[in-house]
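Student: I am new to this structure and would be grateful for a close look at a single part of it. Please choose one stretch of the chain, describe its residues, and explain how they relate to their surroundings.

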Amino acid sequence: MRAAAEHYDDGQLYLAAAAEVTGGASAPWLDNVDLHRASVLFKTMEEVQEVLEASSDAPISKTNKQLNESERKQIKRLLMETVEAITALTHLAAVLCKEYCFSWLATWKEHRADLKAKQYMK
């Protein structure tokens with residue numbers, strides 16, 4: 001699986017590999033949407049805005065034990081908006097890589113190197 005993903009260096013294939021390894025606990029590839037770069041960008045902007053709106057409503061300063069049922073629903077909404085934005089952002093990265101001939105793997109390697117340089121990871 002790894003050799004095939006590296007050979008084709010395609011975001012869709014990497015997402016399929018991640019889904020297989022994690023049992024679906026990753027961003028799914030959307031195969032029934034308009035994946036034109038502009039459409040994906042506009043949808044991503046919409047999804048990120050929804051995260052920001054849900055963030056302002058969520059009582060994130062409270063612990064799980066302090067939440068009432070209504071507040072728990074607000075946290076759940078933030079969580080769901082977050083994973084929707086992750087899916088949109090992942091598709092945006094994949095579309096940009098494909099459209100403008102950037103390597104998916106090199107992009108993620110560069111990102112990891114940057115995170116390590118900032119000491120966010122070892």
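**A close look at helix α4**

Tutor: Glu71 is buried, because its relative accessible area is 13%, under the 20% that sets the limit for a buried residue. The model is a predicted one, and every value quoted here is computed from it. Glu71 makes a salt bridge with Lys62, and the closest N and O atoms of the two are 2.4 Å apart. Its partner, Lys62, is partly exposed at a relative accessible area of 34%. This pair therefore joins a buried residue, Glu71, to a partly exposed one, Lys62.

The helix chosen for this account, α4, covers residues 69-99. One of its members is Arg72, which is partly exposed with a relative accessible area of 45%. Arg72 and Ala58 are separated by 14 residues in sequence, and their C-alpha atoms lie 8.5 Å apart in space.

Arg77 also belongs to α4, and its salt-bridge partner is Asp57 in helix α3, which spans residues 37-57. The closest N and O atoms of Asp57 and Arg77 are 3.3 Å apart, and the pair connects distant parts of the chain, 20 residues from each other. Both residues are partly exposed: Asp57 has a relative accessible area of 42%, and Arg77 has 34%.

The surface may be considered next. Leu79, which is placed in α4, takes part in a nonpolar patch together with Met80, Val83 and Ile86. The accessible area of these four residues together is about 320 Å². Leu79 itself counts as partly exposed because its relative accessibility is 45%, a value between the 20% and 50% limits. As a general point, an α-helix has 3.6 residues a turn, so residues three or four places apart point the same way.

Ile86 has a further role in this description, since its backbone oxygen lies 2.7 Å from a polar atom of the side chain of Thr90. Thr90 is likewise located in α4. It is buried, as its relative accessible area of 13% falls under the 20% limit.

Towards the end of α4 stands Lys98, which forms a salt bridge with Asp10 through their side chains, at 3.8 Å from N to O. Asp10 lies in the loop between α1 and α2 whereas Lys98 lies in α4, so this pair ties together parts that are 88 residues apart in sequence. Lys98 counts as exposed because its relative accessibility is 61%. The loop that holds Asp10 also contains Asp9, and it runs between α1 (2-8) and α2 (11-22). Asp9 has a positive phi of about 45 degrees, although it is not a glycine. With a relative accessibility of 23%, Asp9 counts as partly exposed.

Salt bridges have now appeared several times, and the structure as a whole holds eight of them. Beyond the pairs named above, Lys43, Glu46 and Glu47 are linked in a network of salt bridges.

The cysteines call for separate treatment. A disulfide is a covalent bond between the sulfur atoms of two cysteines. This structure holds zero disulfides. The reason can be seen from Cys97, whose closest cysteine sulfur is that of Cys101, 10.0 Å away and therefore too far for a bond. Seen from Cys101, the closest cysteine sulfur is the one in Cys97, again at 10.0 Å and too far for a bond; the sulfurs would have to lie within 2.5 Å. The two residues also carry opposite labels for accessibility: Cys97 is buried, with a relative accessible area of 9%, while Cys101 is exposed, with 72% relative accessibility.

Cys101 leads beyond the helix, as it lies in the loop between α4 and α5. Its phi is near 60 degrees, a positive value in a residue other than glycine. Ser103 then caps the N-terminal end of α5, with a side-chain oxygen 3.3 Å from the backbone nitrogen of Leu105. Helix α5 comprises residues 104-117, 14 in number, and reaches 20 Å from its first C-alpha to its last, close to the 20 Å expected at 1.5 Å a residue. After α5 comes Gln119, whose phi is positive, near 65 degrees.

Key: Residues numbered from 1 in each chain as written. Predicted model: local features only at pLDDT ≥ 70, side-chain atom pairs only at ≥ 80, totals over all residues. Heavy atoms only, no water. Helix = DSSP H or I, 4+ residues; strand = E, 2+ residues; numbered from the N terminus. Expected span 1.5 Å × (residues − 1). Polar contact = N/O pair within 3.5 Å; in protein donor to acceptor, adjacent residues only side chain to side chain. Patch = residues over 30% accessible without salt bridge, like charges linked within 9 Å, V, L, I, M, F, W, Y side chains within 5 Å. Areas by Shrake-Rupley, 256 points an atom, 1.4 Å probe, with all protein chains shown as cover. Buried < 20%, exposed > 50% of the residue type's maximum accessible area, 1.4 Å probe, protein only.
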